[in-house]
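Here is a short report on a single protein chain. Please look over the sequence and structure first; the notes follow.

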Amino acid sequence: MAYALKRTAHCGQLDSRHVGEDVVLNGWVNSCRHLGGLVFIDLRDREGMTQVVINPGEQPALAGKAKEIREEFVIGVKGVVRARPAAMVNPAMPTGDIELDVRELVIFNRAEPMPFHLEDPTVSEDLRLKYRYLDMRRSKLGPNLRLRHRLAKITRDYFDEEGFIEVETPVLSKSTPEGARDYLVPSRVHPGKFYALPQAPQQYKQLLMVGGVEKYFQIARCFRDEDLRADRQPEFTQIDVEMSFIDQEDIIRLIEGLLARIMKDVKGLDIDTPFPRLTHAEAMSRFGSDKPDLRFGMELKDVSAIVADSAFGVFSGTVAAGGVVKGMNATAQGGASRKQIDAWTDVAKLFGAKGLAWVKVDAEGTLSGGVAKFLSEEEKAAIAAALDANPGDLLLFVADQAAVANAALGRLRCDIAAAADMTPENMFTFLWVVEFPLLDYDEDEKRFVSVHHPFTSPLAADADKLTTSPGEVRAQAYDVVLNGMELGGGSIRIHDPDVQRRMFSVLGISPAEARGQFGHLLDALAFGAPPHGGVALGFDRLAMLLAGASSIRDVIAFPKTTKAACLMTDSPSPVAPRQLGELAIASTVVSEDTPLN
């Protein structure tokens, strides 16, 4: 049996074409005003807002109910759509030229006073997360969730057209080394043993390739126990893809097609393909980042050759010791105060730099101030030409090892661009970064570790170096970057068991450890694995960038805090000793709110 006053239209969908029609609206009371004997209510649902008017003089049966109504009450109203008087038209509302003259009213539910005003921008994020179901009623979060839905639909339609099969992979998996920490799930059936929540479906999608699926995708839930920030969550979603009998170019073309489709359907923008490409070495040298933002310039330039014999010992001494002097034109920042430059110096020091040298370009185009007095006229002229210096510019320098100089100036490049508003809001710049290092040396553990994961294939030209010079090997790995954020990445996988065993050996994983951790995958490779590769895109991060949000928490229905806590459900939380006993777990941590049974 239908409830009383079941809706016939959504708020936000009515206009002058509906004048004279009988309509039933359901929703929340956004605001209620009692004026001159009339009651004006802005009624809201997910589609928008409509003003409804109650006239107790004409409808005396509604007088009592009208007095009860408060903000966020859930009501149903039936009435006649009428045009607003010309003086009462509200051009700021899509429904601002009409209103509903109420003839019937039902209060479905009353609401306690709200813990915060839903549209108050000053409300703390913690309070909004505690009452996330109220936060969802705000004007921004609802559209963001709808954006996620559109992204998922576009993605599924695109991969279906490309002949892919969506396959769900297990959530209860096996804990394996490398990468971030796993979330572990104890097994009651197998005491003392644990499942792991998947950091990614990596091994499963490779097994699907061995199984002949050939084209797999999944909008996959993933879990990582790592320190959080604005664009990370302990549980997140990725667009996961794997293909057989392909090479890197096939994957790049596929993903460019997906992203171009998304940008066209969601933002109405035509994105040029193919995307620009940089090798990892080029990206680090020119931008100080493996995810450079190309919406603005300020490239890093190596001026080591210019100052190698300089009388300024900081520069020449660094070059003589095998380091570099990198410079950056902080465009139009010549008016920066010493206090601001000192603040930038502190940022550079966070990345290991000993300091930050600078010179300003005066109105005549001459370098002055800072370290200019230590440089010869020839050196100043050459530096000005190398950094394309113009009057009013500020030139910044770091003299150190290349990695330190690149990282420090790369961070400053982004900070200065953000402060100077050099990044237009509706500009989307994609690129690929390719040829990442295959391995990185961990000084603490005194061994090589995978930059991507241990199943990444070395670049064919570097394969022979895997055992002789592992630190020089480049990977068949690739990241797609959007506006200075890594949107996703992937690699061509190792499909040869012998190469996989060599990789484990370089990583310090013994045959016994490899068998214990990855035996299922090694067995699969031995039974005829096709050449294959894949990629994973951050679904939450893509939604965040398209929504113009500053955090992925703004595009996730029920996110965690930066301490991986859910303030709404108060989780994680203690469990009863009885439950731990069932799982053969003994806990030495005692909390005051631990249940007794």
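## Cavity

The lining of the largest cavity is made up of six nonpolar residues, no polar ones and one charged residue. The model is a predicted one. Its lining residues are Leu129, Arg132, Phe558, Pro559, Cys566, Leu567 and Met568. The volume of this largest cavity is about 30 Å³. How many cavities of 30 Å³ or more does the structure hold? The count is one. Rolling a probe the size of a water molecule over the atoms shows where empty space is left.

Arg132 also takes part in a salt bridge. Its side chain meets that of Asp135, with 2.8 Å from N to O. Both residues sit in helix α3 (residues 132-135). They are three residues apart, about one turn of the helix. Are these two partners buried or exposed? Arg132 is buried, because its relative accessible area is 3%, under the 20% limit for that class. Asp135 counts as buried too, at 0% relative accessibility.

## Salt bridges

The count of salt bridges comes to 43. Three of them are set out here.

| Pair | Closest N and O atoms | Relative accessible area |
|---|---|---|
| Asp101 and Arg103 | 3.1 Å | Asp101 8%, Arg103 39% |
| Arg132 and Asp135 | 2.8 Å | Arg132 3%, Asp135 0% |
| Arg232 and Glu226 | 3.8 Å | Arg232 27%, Glu226 21% |

In the first row, Asp101 is buried, whereas Arg103 is partly exposed. In the last row, Arg232 counts as partly exposed, and Glu226 is partly exposed as well. Salt bridges with shared partners also build a network: Arg82, Glu99, Asp101 and Arg103 are joined in it.

## Nonpolar cores

Which residues have the most contacts inside the largest nonpolar core? They are Leu151, Phe159, Val241, Leu259, Phe430 and Leu546. This core has 45 residues. Its largest share, nine residues, comes from helix α6 (residues 248-267). A second, separate core holds 25 residues, among them Phe287, Val433, Phe504 and Phe518.

Take Phe430 from the largest core. Neighbours within four places in sequence are set aside here. Phe430 is then in contact with Leu259, Met263, Ile271, Phe275 and Pro276, and also with Val480, Val481, Leu482 and Leu487.

## Chain as a whole

The protein chain has 16 helices and 22 strands. Along the principal axes, its C-alpha atoms fill a box of roughly 95 × 75 × 55 Å. Of the 597 residues in the chain, 46% are buried. Among contacts with a separation of 6 or more, 68% come from residues 24 or more positions apart.

Arg137 gives one example of a pair far apart in sequence. Arg137 and Arg44 are 93 residues apart along the chain, and their C-alpha atoms are separated by 9.1 Å. Where is Arg137 found? Arg137 lies in the loop between α3 and α4 (141-161). Not counting residues up to four places away in sequence, Arg137 touches Trp28, Arg44, Glu72 and Leu118. Arg137 counts as partly exposed, at 24% relative accessibility.

## Backbone features

Two cis peptide bonds can be described. One joins Thr273 and Pro274, with omega about 0°. Pro274 is placed in the loop between α6 and β11 (277-279). Another runs from Ser571 to Pro572, with omega near 5°. Pro572 belongs to the loop between α15 (539-547) and α16 (577-582).

Positive phi values come next. Phe245, a residue other than glycine, has a positive phi near 55°. Phe245 sits in the loop between β10 (235-244) and α6. Met298 has a positive phi near 55° and is likewise not a glycine. Met298 is in the loop between α7 (280-287) and β12 (300-302).

Is each of these two residues buried or exposed? Phe245 is exposed, because its relative accessible area is 56%, over the 50% limit. Met298 is buried, because its relative accessible area is 6%, under the 20% limit.

Technical notes
Residues are numbered from 1 along each chain as its sequence is written. This is a predicted model: local features need pLDDT of at least 70, side-chain atom pairs count only at pLDDT 80 or more; totals for chains, interfaces and linings use all residues. Side-chain values use heavy atoms; hydrogens and water are left out. A nonpolar core is a set of buried Ala, Val, Leu, Ile, Met, Phe, Trp, Tyr and Cys residues joined through side-chain atoms within 4.5 Å. Buried means under 20% relative accessible area, exposed over 50%, partly exposed in between (1.4 Å probe, protein chains only). Helices (H or I, at least four residues) and strands (E, at least two) are DSSP runs, numbered from the N terminus. Contact means heavy atoms within 4.5 Å. A salt bridge is a side-chain nitrogen of Lys or Arg within 4 Å of a carboxyl oxygen of Asp or Glu. On a 1 Å grid over the protein atoms alone, a cavity is a set of points where a 1.4 Å probe fits but cannot get out, and a pocket is an open set with protein on both sides within 12 Å along at least five of seven lines; lining residues have an atom within 4 Å of a point. Grid points are joined across faces, edges and corners, and a volume is the space filled by probe spheres set on the points. Ala, Val, Leu, Ile, Met, Phe, Trp, Tyr, Cys and Pro count as nonpolar, Asp, Glu, Lys and Arg as charged, and the others, Gly among them, as polar.
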